[in-house]
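Take a moment with the chain shown here. We will walk through it step by step.

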Amino acid sequence: MAELAPYAVAEHNSRGRLHVEAPPHERSEFQRDRDRIVHCTAFRRLEYKTQVFVNHEGDLFRTRLTHSIEVAQIARSIARALRLNEDLVEAISLAHDLGHTPFGHAGQDALNDCMRELAPASGGFEHNLQSLRTVDLLEERYGAFDGLNLCFETREGILKHCSPERARELGELGRRFLEQRRPSLEAQICDLADAIAYNHHDVDDGLRSGLIVLEQLDALAAFARHRQDVASEFPGISGRRMIHETLRRMINALVVDLIGETRRNIAAVAPQVLEDIHVAAPLVAFSESMRAEQRELKLFLNEYLYRHFQVLRMTNKARRIVSELFAAFINDPRLLPPQYRKMAQDDNVRAVADYIAGMTDRYAIREHRRLFAVGEI
Ligand code: MG
C-alpha cells in the first residue's frame with residue numbers, strides 16, 4: 001500500500017482513546033476499531049434492520065448491514081486512491097448506522113416525535129448521536145470500560161451532524177460543530193460514500209420490488225446515459241443484467257469523479273498536516289455536474305420510491321408500532337426487560353429510547369404483539 005498522505009489521519013496524529021489502552025499487536029489502532037465494531041452486538045442487529053424495505057419483505061433487498069458493507073467498499077476505494085486511511089474509513093462506514101431504529105427513517109421520526117413531546121429537554125432522537133451512544137456507552141463487552149472505546153477520529157466520523165445544544169454536551173467531540181471546523185477527509189469520504197451507496201441500491205431495490213419501473217428512470221440524465229452505453233456495447237441486453245450493468249457504471253463514474261474533484265481541491269488548498277483539513281472548506285466533493293445529477297436522483301427517489309403508497313403504508317404502520325411501544329413503556333417502566341428497567345430509574349425516557357432503538361424490525365413487531373395482542377395472553 002502507498003504511504004499515507006501527510007494530512008491523512010494516522011496513529012501519530014490521532015487524538016487517541018478516552019480510556020488509555022496498550023497499543024495493539026500486529027494491527028493498527030484503526031484496524032482495532034474496525035474489528036471491535038464487527039464483533040459488537042449492534043453490528044449484528046443491522047442485518048435485521050430496514051433500509052427501505054422491511055427485512056422480511058424479501059431476501060434480496062438491502063438491509064442496514066449490506067448497506068454498511070457497500071458504504072465501506074466505496075469509501076475504501078476512494079480512500080486508497082487518495083492515500084488516506086483505509087482502515088479508518090472502513091471503521092466509520094461499518095459503524096455509521098449502528099444507532100438506527102427499526103423501520104428506517106419512519107422509526108426514527110416516530111421515536112423523535114415521542115421524545116420531543118414527552119421530554120423536550122432530551123433533544124429528541126437522532127440516529128447519528130445514537131450510533132455514537134452505542135459505541136461510547138451501550139455496548140457491554142470490555143472489563144475496563146463501557147462501549148468500545150474507539151479512537152477520537154472514528155467517533156468524529158460517526159457523528160456526522162449534531163445540533164449546537166447537543167454539541168455543547170459532547171465536549172471535545174462536539175467542538176467542531178460550534179467552531180465550524182471540518183472533520184477529517186476520511187469522515188468526509190464516508191458521508192458521500194453513504195449517499196452513493198443508498199441512492200443506487202435504492203434504485204436497484206425499487207426496480208426489484210416493482211415499485212418503480214425502468215421507463216421512469218429514463219427521465220434521469222445519468223441513468224439514461226449509462227443505459228444507452230450499455231445497450232450499444234451489449235446489443236440485446238435486458239432485464240436484471242442490464243440494470244446491474246447500468247447501476248455499476250453509474251457508481252463507478254461517481255467514484256472516479258469524486259476522486260478527481262477531491263484531488264483538485266486538495267491541490268488548490270495544499271494542506272500539509274491534518275489540522276489544515278479541519279480549517280479548510282470541505283474538500284471531498286463531486287464536480288458540479290455530478291452534484292446536479294445526484295440531486296436529481298435523490299429527488300426522484302423521494303418522489304417515486306420513498307413516498308410510494310405501498311412504502312407509506314409500511315412506514316405508517318412502523319410509526320404506530322414505535323409510538324405505541326414508547327407510550328406503553330413510558331406509562332409503565334415495569335414492562336421493560338430488567339437491564340433497561342434499571343436504566344429507567346435514572347432516565348426513564350432515555351432508557352426507553354435506547355431499548356426501542358436497539359430493536360430489529362421483527363423484534364419490534366414481536367414485542368408489539370406481546371404487549372398489545374390480547375388474543376395471545
Ligand atoms: Mg447509511
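How are the donor residues of the magnesium ion spaced in sequence? The pattern is H-x28-H-D-x96-D. One pair in this pattern links distant parts of the chain: His 96 and Asp 194 are 98 residues apart. His 96 sits in the loop between α4 (86-95) and α5 (104-118). Asp 194 belongs to helix α10, which covers residues 185-209.

Keep in mind that this model is predicted. In it, four residues coordinate the magnesium ion. His 67 and His 96 each use their NE2 atom. Asp 97 and Asp 194 each use OD. The distances run from 2.1 to 2.7 Å.

Are His 96 and Asp 194 buried or exposed? His 96 has a relative accessible area of 4%, so it counts as buried. Asp 194 is also buried, because its relative accessibility is 7%. The cut-off for buried is under 20%.

Now turn to the backbone. Most residues other than glycine have a negative phi. Which phi does Arg 83 have? Its phi is positive, about 60 degrees, and Arg 83 is not a glycine. Look for Arg 83 in the loop between α3 (64-81) and α4. With a relative accessible area of 37%, Arg 83 is partly exposed.

Gln 180 also has a positive phi, here about 55 degrees, although it is not a glycine. Where does Gln 180 lie? Find Gln 180 in the loop between α9 (175-179) and α10. Gln 180 is exposed, because its relative accessible area is 57%, and exposed means over 50%.

Notes
Residues are numbered from 1 along each chain as its sequence is written. This is a predicted model: local features need pLDDT of at least 70, side-chain atom pairs count only at pLDDT 80 or more; totals for chains, interfaces and linings use all residues. Side-chain values use heavy atoms; hydrogens and water are left out. Donors are N, O and S atoms within 2.8 Å of the metal (3.2 Å for Na, K and Ca); water is not among the atoms, so sites may look incomplete. Helices (H or I, at least four residues) and strands (E, at least two) are DSSP runs, numbered from the N terminus. Buried means under 20% relative accessible area, exposed over 50%, partly exposed in between (1.4 Å probe, protein chains only).
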